[in-house]
Amino acid sequence: MDRYAVVGNPVGHSLSPRIHAAFAAATGQALRYDALPAPLDGFVATVEDFFRAGGAGLNVTVPFKEQAAAWVDSCTPAAAAAGAVNTIERRADGFRGHNTDGAGLVRDLLDNCQEALAGARVLLIGAGGAARGVLRPVLAEGPERLVVANRSRARAEDMVRDLPVGHVAAVAGLDEALPPFDIVINATAAGLRGDGVAPVSPAAVRGAFCYDLMYAPPGSEGTAFCRWTLDHGARRAVDGLGMLVEQAALAFALWRGVAPETGPVLNALRRGEV
Ligand code: NDP
């Protein structure tokens, strides 16, 4: 049976094994998908052991996406531009790195949330690996303007510097992003470390559709960012569970050649049934 896994640290909490098991059952594919913990200084050894033992493909999560981009033999343009790989495909000509995070976010926004990016005024908070992954796919949808706000302004400037000519992207400090915005996307790891939500000015989220790349456990009251934005007048707030399912579906399709339906899995996850 073909073996897949998500490699990360920590990775025990990952929903990916459940999502891929649900896709496999729905599409009639026989495969195994595990969580694969790697020591912080042992990413390469863990990945090489996995593939030496016959592994068919890997997902990569925090904090190894940049190391994965350096390890693979080749990258897609999206992964190269992001400098981060979340999906490794085993091919006859070597290991190919993909980044399905950005396309997963766009599919969740457009298909599941039914929000339009074309013509929208978008604020992207963060300039880490996740923000790099979503920047170009969001811009490709044609927003009217896109502002990147980050705690370290220099990192945001670095992120937009090599964008193709014609893309309108501005940079701001966290409290300098001037509203109005139609869509606000939180791509920071602020809440991950338990140190609160990204402190953008409340005016930036008023009336906006707010999206948190982080996701909350099923049945909980949502992420800290979602709750904070609703408290400050956001018209709607959604967490990143849909993005997780969509990026997983894109990886599954790459590996198996079959595109799974995402709606039923996302709904079941939200009900805590997967
Ligand atoms: P990184 O560590 O690469 O990025 C960290 C980012 O968060 C930087 O912009 C950093 O700012 C900012 N940040 C961290 N702490 C704070 C704070 N206290 N206040 C303000 N800003 C802060 O992480 P990733 O980019 O890999 O991941 C970001 C988030 O996206 C994570 O929560 C991750 O789980 C989520 N994610 C979700 C996915 C999904 O499928 N739903 C897929 C991928 C990621 P600075 O540059 O100043 O340090």
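**Notebook: helix crossings, ligand shell and backbone oddities**

I began with the helix packing and found that the axes of helix α1 (residues 16-27) and α10 come within 10 Å of each other and cross at roughly 55°. I noted that α1 and α10 are therefore oblique to each other, and I recorded their crossing as right-handed. I keep in mind throughout that I am reading a predicted model.

I then turned to a second partner of α10, helix α5 (residues 101-112), whose axis comes within 7 Å of the axis of α10, with a crossing angle of roughly 120°. Because angles of 65 to 115 degrees count as roughly perpendicular and those over 145 as roughly antiparallel, I entered α5 as oblique to α10. I also wrote down that α5 passes α10 in a right-handed crossing.

Next I looked up the ligand, asking myself which residues come nearest among the 24 around the ligand. I found these to be A130, N150, S152, R155 and L213. Following the polar contacts, I saw that a side-chain N or O atom of S152 is 2.4 Å from an oxygen atom of the ligand, and that R155 likewise places a side-chain N or O atom 2.7 Å from a ligand oxygen atom. For L213 I had to look at the backbone instead, where an N or O atom lies 2.8 Å from a nitrogen atom of the ligand. I checked how much of the ligand is covered, and noted that the ligand taken alone exposes 930 Å², of which the protein buries 86%. I then asked which elements give two or more residues to the shell around the ligand, and the entry reads α6 (129-140) and α10 (241-256). Thus α10, which I had met above in its crossing with α1, turns up again in the ligand shell. Sorting the shell by class, I listed 11 nonpolar, 7 polar and 6 charged residues.

I closed with the backbone, where I looked for cis peptide bonds and noted one that joins N9 and P10, with omega about 0°. I located P10 in the loop between β1 (2-8) and α1, the helix that I had followed in its oblique crossing with α10. I noted another cis peptide bond joining P179 and P180, with omega about 5°, and I placed P180 in the loop between β9 (169-172) and β10 (183-186).

My last query was where in the chain Q114 has its place, since I had marked this residue, which is not a glycine, for a positive phi near 55°. I found Q114 in the loop between α5 and β7 (121-125), and α5 is the helix whose right-handed crossing with α10 I had entered earlier.

How values were computed
Residues are numbered from 1 along each chain as its sequence is written. This is a predicted model: local features need pLDDT of at least 70, side-chain atom pairs count only at pLDDT 80 or more; totals for chains, interfaces and linings use all residues. Side-chain values use heavy atoms; hydrogens and water are left out. A residue is near a molecule or strand if one of its heavy atoms lies within 4 Å of it. A polar contact is a pair of N or O atoms within 3.5 Å; within protein, one must be able to donate a hydrogen and the other to accept it, and residues adjacent in sequence count only if both atoms are side-chain atoms. Accessible areas come from the Shrake-Rupley method with a 1.4 Å probe; for residues, only the protein chains shown count as cover. Helices (H or I, at least four residues) and strands (E, at least two) are DSSP runs, numbered from the N terminus. Ala, Val, Leu, Ile, Met, Phe, Trp, Tyr, Cys and Pro count as nonpolar, Asp, Glu, Lys and Arg as charged, and the others, Gly among them, as polar. Axes are lines fitted to C-alpha atoms, for helices over the stretch in contact, and angles run from 0 to 180 degrees between N-to-C directions. Angles under 35 degrees count as roughly parallel, over 145 as roughly antiparallel, 65 to 115 as roughly perpendicular and the rest as oblique. A crossing is left-handed if the near helix is turned anticlockwise from the far one by less than a right angle, and right-handed if clockwise.
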